[in-house]
Amino acid sequence: MKLFIFLMLFTSQVIANDHAHHDQKAPAAGKRVFTIVNYEYETTKQWLPGMIAVYEGDEVEINLINNTPSGVHGFAIKDFGVQISVLKGKTQKVNFTAGKPGIYPIHCHLHPAHIGGQLLILEKPKS
Ligand SMILES: [Cu+2]
């Protein structure tokens, strides 16, 4: 039942976000903007969405929101020199340029046991 409520809340948030973004202009080609939120469910902490996909060479901007009651959590993509700590209730922005195509791990450098994510970098489609 608890999980069901969590999923309902999460789904409605996704729908609300989708609405909010309707009026906004799409980002310029080659720039990708994400919002990723750290949730805590029972004892599990996770940045969601857990996987983001971009093209090689993209300018990536991620807004990290720490929604957990437990405290500071980290967001690190070692391969691109990204390592940032986000305080409870705060939002932090991080920028980097996507390098070679591949699948790169995302993790909390402060608590390695937390569920990690993945950055998927795709080859640029030929135009
Ligand atoms: Cu953490």
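# Questions on a predicted copper-bound chain

User: In this chain, what percentage of the contacts with a separation of 6 or more comes from residues 24 or more positions apart?
Analyst: The structure is a predicted model, in which local features need pLDDT of at least 70 and side-chain atom pairs count only at pLDDT 80 or more, while totals for chains, interfaces and linings use all residues. Residues are numbered from 1 along each chain as its sequence is written, and side-chain values use heavy atoms, with hydrogens and water left out. A contact means heavy atoms within 4.5 Å. Among contacts with a separation of 6 or more, the share from residues 24 or more positions apart is 61%.

User: How many strands does the chain have?
Analyst: Helices (H or I, at least four residues) and strands (E, at least two) are DSSP runs, numbered from the N terminus. Along the sequence the pattern reads α-β-β-β-β-β-β-β-β-β. Beside one helix, the number of strands is therefore nine.

User: Which strands stand at the edges of the four-stranded open sheet?
Analyst: Two strands pair if DSSP finds at least two bridges between them. The sheet has the order E2-E1-E4-E7, with mixed pairing. Each edge strand has a single partner strand, so one side of it lacks a neighbour in the sheet; the edge strands are E2 and E7 (91-97).

User: Which residue of E7 is the bridge partner of Ile65?
Analyst: Strand E4 (residues 59-66) and E7 run antiparallel and are joined by seven bridges. In E7, the residue bridged to Ile65 is Thr91.

User: Which residue in E6 stands opposite His73?
Analyst: Strand E5 (residues 73-77) pairs with E6 in the antiparallel sense over five bridges. The two form a hairpin with four residues between them, and Gly81 in the turn has a positive phi of about 65 degrees. The residue of E6 opposite His73 is Val86.

User: Which residues form the uncovered face of strand E6?
Analyst: In a regular strand the side chains alternate between the two faces of the sheet. Strand E6 (residues 82-86) has Val82, Ile84 and Val86 on its covered face. Its uncovered face is formed by Gln83 and Ser85.

User: Which residues coordinate the copper ion?
Analyst: Donors are N, O and S atoms within 2.8 Å of the metal (3.2 Å for Na, K and Ca); water is not among the atoms, so sites may look incomplete. The donor residues are spaced H-x34-C-x2-H-x2-H in sequence. At 2.1 to 2.5 Å, the coordinating residues are His73 (ND1), Cys108 (SG), His111 (ND1) and His114 (ND1).

User: Why is the arrangement around the copper ion irregular?
Analyst: Four donors count as tetrahedral if all angles lie between 85 and 135 degrees; four count as square planar and six as octahedral if opposite donors are over 155 degrees apart and all others between 65 and 115, and anything else is irregular. The arrangement is irregular because the four donor atoms subtend angles of 96 to 144 degrees.

User: Is His114 buried or exposed?
Analyst: Buried means under 20% relative accessible area, exposed over 50%, and partly exposed in between (1.4 Å probe, protein chains only). His111, at 28%, is partly exposed. His114 has a relative accessible area of 18%, so the name for its state is buried.

User: What is the relative accessibility of Asn38?
Analyst: Asn38 lies in strand E1 (residues 31-41). Leaving aside neighbours within four places in sequence, its contacts include Trp47, Ile65 and His73. Asn38 counts as buried, because its relative accessibility is 2%.

User: Which residues does the cis peptide bond join?
Analyst: Most peptide bonds are trans. Here a cis bond has an omega of about 0 degrees, and the residues joined are Leu48 and Pro49.
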